[in-house]
Amino acid sequence: LRTRVAIVGAGPAGLLLSHLLHRDGIDSIVIDSRSRDEIESTIRAGILEQGTVELLTESGASDRVLVDGHRHDGIELRFEGEGHRIDFAELVGRAVWLYPQHEVLKDLVARRLGDRGDLRFGWTATEVLDAESDSPRVVGTDAAGEPFEIVADFVVGADGSRSVTRTAVTGSMTGGYFREYPFAWFGILCEAPPSAPELIYSASDEGFALISQRSATVQRMYLQCDPELDPASMSDAEIWDQLQRRVRGTELIEGPIFQRDVLRFRSFVAHELHRGNVFLMGDAAHTVPPTGAKGMNLAVADVVLLHAALREHAASGSRTLIDSYASTASDRIWRAQHFSWWMTSMLHAAPDATEFDRRRRLGELESVVRSRAGSTYLAEAYTGWPLAGWP
Ligand code: DHB
């Protein structure tokens, strides 16, 4: 098989890149080891930055986000039994949209298939070869279990945190800057109406809780927990008791819990994002802890840069944007790493925290909600810095 751009991974980053390239007449093949159904049903994050929404709608990837998604003009930070609204609209004139990632994926898959895009589900890449040549290759096993080879001008690794492509760029599966956290999130989906108009990020002595939403009848909530917690070990009543304690001062509307999972917290940035004609983007390039919802939005920002670089190369043969991809992407990646680390450490109680640490964190939260400068930084970062290079 031969194509201009071989994209490993049919997540939001891989599919969106393929869609944008198609609009410029640049063909690509997207492969993913998972099935279409698996990709479209995996529960992931739910918050899109304003720039992500603009890109999805203006590029024709999704108009449903504006219909079925919900604009949120702020969030609530809660601590010591009181809520404090961070008013994005008033502080920075921007907003975010609640629209689950699997809905973005459904829109992108439908769009690519509608445009006769070449998507291959159940195709597992095992190796990316010849990164520094003019014809890098992806080899692996197709849906029937037969070996395949895709030869391309460029290979893009959008294959998530366990990226196979990463080895071709950094020389190893693990080559990167890395940090782990001594806690995780226990996530649930429940059948209930929203308990509040906006998301609640609540720091409490029992640990952090995030009250998010999915629809008028389904809510998503998270509890800080031990990374080793078995999701089956807590009863519904224990979960609700913990959630209610952690949002002290307000009351959640309870309902049947129908899904449970544990999310690990890590920060990671690959040492290199580009080698020769092979690139990394999205979770293959970086992972952020979930607090602040930067993961998918950061992947979209990589797509914008890489799309511009590949388009420029197709139009003029220039490698200027290709050669600056890694450093331009890094700038936003490290700001997002900082923001995600900051939101995480400000809102979570570490297991070994001292009384000094606890009081200092409350001082930090007070500094954010009482200072317009502090709140404005949070609002800017949460709603997203401007996307370079678009349209
Ligand atoms: C959601 C996840 C996040 O990490 C976050 O900061 C906000 C919302 C969610 O899944 O809804």
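The expected span of a helix is 1.5 Å times one less than its number of residues. That rule is used at the first stop of this tour, which runs through a predicted model.

**Stop 1: helix α12**

Select residues 372-383, helix α12. With 12 residues at 1.5 Å a residue, α12 should span 16 Å, and the distance between its end C-alpha atoms is 16 Å, so the two agree. Colour the buried positions next: Ser375, Leu378, Ala379, Ala381, Tyr382 and Thr383. An α-helix has 3.6 residues a turn, so residues three or four places apart point the same way. Step just past the end of α12 to Gly384, where phi is positive, at about 105°.

**Stop 2: the whole chain**

Zoom out to the full protein chain, which holds 12 helices and 19 strands. Its radius of gyration is 21 Å, close to the 21 Å that the globule rule gives for 391 residues, so the chain is as compact as a globular protein of that length. Along the principal axes, the C-alpha atoms fill a box of roughly 60 × 45 × 40 Å. Of the 391 residues, 45% count as buried. Among contacts with a separation of 6 or more, 72% are between residues 24 or more positions apart.

**Stop 3: the largest nonpolar core**

Which members of the largest nonpolar core touch the most other members? Select Val8, Leu17, Val156, Met281, Val303 and Leu306, out of 107 residues in that core. Then show helix α9, residues 295-316, which gives the most to this core, with 11 residues. Centre the view on Leu17: leaving aside residues up to four places away in sequence, Leu17 touches Ile7, Val156, Ala158, Val303, Leu306 and His307. In soluble globular proteins, nonpolar side chains tend to be buried together.

**Stop 4: helix α3 and its cover**

Move to residues 50-58, helix α3, and mark its buried residues: Gln50, Gly51, Thr52, Val53, Leu55 and Leu56. What lies over them? The cover includes β3, α4 (64-68), β7, α6 (101-114), α9 and α12. Just after α3, select Gly60, which takes a positive phi of about 80°.

**Stop 5: the three-stranded sheet**

Strands β3 and β7, met in that cover, also belong to an open sheet of three strands in the order β3-β7-β4, with antiparallel pairing. At the edges are β3 (47-49) and β4 (70-72), each pairing on one side only. Neighbouring strands here are turned by 35° against each other on average, direction ignored. To see the pairing itself, show β3 with β7 (residues 96-98): the two run antiparallel and are joined by three bridges. Ile47 stands opposite Leu98 in β7.

**Stop 6: the eight-stranded sheet**

Now display the open sheet of eight strands, ordered β6-β5-β13-β14-β15-β12-β16-β19, with mixed pairing. β6 (82-87) and β19 (286-287) are the edge strands; each has a single partner strand, so one side of each is left without a neighbour in the sheet.

Three pairs can be inspected in turn.

- β13 (residues 200-202) and β14 (residues 209-211) pair in the antiparallel sense over three bridges; Tyr201 stands opposite Leu210 in β14.
- β12 and β16 are antiparallel and joined by 12 bridges; the bridge partner of Gly187 is Asp261 in β16.
- β16 and β19 are antiparallel and joined by two bridges; Val269 stands opposite His286 in β19.

Add helix α8, residues 236-246, to the view. Helix α8 lies across β12 (176-191), β13, β14, β15 (218-225) and β16 (257-270), and runs at about 80° to β15.

**Stop 7: two loop residues**

Most residues other than glycine have a negative phi, and most peptide bonds are trans. The last two selections depart from the phi part of that pattern.

Select Glu80, in the loop between β5 (74-79) and β6. Glu80 is not a glycine, yet its phi is positive, at about 55°. Is Glu80 buried, exposed or partly exposed? Glu80 has 13 C-beta neighbours inside 10 Å, so it counts as partly exposed.

Finish at Asp130, in the loop between β9 (124-129) and β10 (137-141). Asp130, also not a glycine, has a positive phi of about 60°. With 15 C-beta neighbours inside 10 Å, Asp130 counts as partly exposed.

Technical notes:
Residues numbered from 1 in each chain as written. Predicted model: local features only at pLDDT ≥ 70, side-chain atom pairs only at ≥ 80, totals over all residues. Core = buried A, V, L, I, M, F, W, Y, C linked by C-beta atoms within 7 Å. Buried ≥ 20, exposed ≤ 12 C-beta atoms within 10 Å, placed from the backbone. Helix = DSSP H or I, 4+ residues; strand = E, 2+ residues; numbered from the N terminus. Contact = placed C-beta atoms within 7 Å. Rg over C-alpha atoms; globule rule 2.2 N^0.38 Å. Pairing = 2+ DSSP bridges. Axes fitted to C-alpha atoms, helices over the stretch in contact; angles between N-to-C directions.
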